[in-house]
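Work through the exercises below with the sequence and structure in view. Each task is followed by a solution in steps.

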Amino acid sequence: MRKGFALTAIVALLASCTSGGNNQPAKSGASGVGKVDGALLTTGGDGSDWAMTGFNYAEQRFSPLTQINDGNVGQLGVAWFADMPDARGQEATPIVIDGKLFVTGPWSKVFAFDAATGKALWTYDPKIDPQKGVQACCDVVNRGVAAWKGRLYLGTLDGRLVALDAATGKEDWSVQTTDKARPYTITGAPRVVKDMVLIGNGGAEFGVRGYVTAYDAANGSKKWRFYTVPNPNGAKDGEASDAAMAKASPTWSANGQWKQSGGGGTVWDSIVYDAELDQLYLGVGNGSPWNHGLRSEGQGDNLFLSSIVALKPETGEYLWHYQETPAESWDFTATQPINLATLTIDGKPRKVLMQAPKNGFFYVIDRTDGKLINAGQFIPGVNWATGYDMKTGRPIENPASRYYKTGKPFLAVPSAIAAHNWQPMSFNPKAGLAYIPAQIVGAGYMAGNAPLDQAKPIGFNVGENMGALMYPRDAAAVKGATAAATGLLVAWDPVANKPRWTVKYPTPWNGGTMTTAGNLVFQGTSLGEFRAYAADTGKQLLAYPVGTGVMAGAATYVVGGTQYVAVLAGRGGALPLSLGYAYGKGAEVPNRPRLIVFKLGGKTALPTTTPPDNSPVALPAATGTPAQVAQGRDLFGRFCQVCHGASAAGGGGVLPNLQRSGALGNADAWKSILIDGALKDQGMVSFAKVLTPEQAQLIRLYVIDEAHWAQQNLRDGGAVQAKSAR
């Protein structure tokens, strides 16, 4: 092990002894999911199992397995695969216990397989109402289940926490964790600690107040709840967070839109248990609305938005926090994956947590007290801040980034799409490196004050002009945006506070990473490859074509003496749905949802996939006047682009590309969809609450006009470029 990295098996064993005493252990001789308890989740065992989403409580996504290594990984082939039913975002990491593999898919469905053969064992479908999809900011995804003492735990898109019998897939109990009248969703994986199931939620783009709840793993009874932002009513909640909210309240304005929206701060992904220190860490999300000028009248840091918050796991009592982005105003969440480790810094061992959140800085934080150790830019071009004041722990901001103060648009790098989004980061203690699935995607921010920018019952309510995210009618600018939106795999040295090596990708939105003691890093790409790199040098050792884009992180395990690597393939999520033209070549790749499992010498052939048809289509005449097209463009930007792509440039092969819609030429059919809800059972709800029939037709005229412009201006050799995401 390289000097400076002291996360050893001895530390893990001591942590197991410390933590395990606070849990009732699994029954002696238990097998399968029945054996999963605090001791197993602390160490992760010998690597035969991948028993939780991040491998073990440290959530490094590091496996001790070495059968597949940097000398033979090029011999990997497919052992088996399973086609998945829903071609929406595939974001889950499989968990594998005693030869059984469990994975989730879109619409919160759960699938169980024999991990060696691929034999389907059972499926659980929570029957989500398709109309709930309009409240899922970034696709109807799910990132996995948690396992504990014979049960699997699932958070559903409609806000339920469900306990399943792992052997049969039958529901043991279910509890509604959210107010069904509010636009809450759950997409993240639960965590189980000390016989409690922990779950957060999402919905800040629409207007909710964030919290995390602990439930009894045996029966679903509530143990405690921690709110991440103050009660807009000014009252105490009677919850574990009351004392912390008294601390946070002075950092919010007396008025402002947070009083109506709830303030945001949802914990939609990262919840991490520290078995060494017996602490729980919450990665807290963005504000609601994004615009700090409207949310909190431009006043205060708005705790605990964009913060890491440490709690006592038994009670939910506040311990400490570190706020990465004070007065958050760009959707810079701190919900991205957190890795725990012990590093030698300045000659001393430090217990740290590491995170590469949306805002482009890699944080190393002392997890004993929440003090910032270092923060370095992990992508080039970050322009909202130049760095961090290490005495205060605060960012050194670019004044131009506060668009609501300047009254001028701000082209930000990174943007809400993020320098690093939900795709898992991993850490290899042998190499001493963190592997970040990073990207460079800029976007415009503009203060919203027109009636169209105000809160609405359907669609994002972010307090800014959503038109700033649309593309100009300039072919060179569109092509420039496409070229500028790229991806990176960054191997970050958290002690030196700089990258050790970097791989460049032509497109953003590549997969999460997983690393092993075999000196390997695994990552899928948006262009349809599953790759392996040498963990120490970054040398590419494998590029296996899988025929579809990959976003999820992989898992590895052993059955019958054979090591396997499993990954979900298929794309979706925020970027393909919303970005349109700048999604680039990713739109050329088919979207085929599939679970793929590899082993050395695997001989199973994957079915061939057919690229999407991006050839020109016959369009209805462009009859809209310039004024009508402009109005339609504004309406499309406000209500449609987050699912159908900026500038109507397509939903990344996930949702229908309206530039190619057969309803464009039929005003009645268009009205039946947008106003009458003809496709509500497919998730396309009626927009009658926010659009008149006349406004719906203005959107149609705009999309027709945009489609004509794209066909005329975004050509390459006579064929419409796939970068237009049609």
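**Exercise 1.** How many bridges join strand E37 to strand E38, and do the two run parallel or antiparallel?

Solution. The model is predicted, with pLDDT of at least 70 needed for local features and 80 or more for side-chain atom pairs, while totals for chains, interfaces and linings use all residues. Residues are numbered from 1 along each chain as its sequence is written, and side-chain values use heavy atoms, without hydrogens and water.
- Locate E37 at residues 555-559 and E38 at residues 562-569; strands (E, at least two residues) and helices (H or I, at least four) are DSSP runs numbered from the N terminus.
- Five bridges join these antiparallel strands; pairing requires at least two DSSP bridges.
- Within this pair, Ala 555 is opposite Ala 566 of E38.
- Two residues separate E37 and E38 in their hairpin, and Gly 560 in the turn has a positive phi of about 60 degrees.

**Exercise 2.** Find the strand order of the five-stranded open sheet and explain its edges.

Solution.
- The order is E1-E33-E34-E35-E36, with mixed pairing.
- E1 (62-63) and E36 (540-545) are at the edges; each has a single partner strand, so one side of each lacks a neighbour in the sheet.
- E35 (residues 529-534) pairs with E36 in the antiparallel sense over five bridges.
- Phe 530 faces the position opposite, Tyr 544 in E36.
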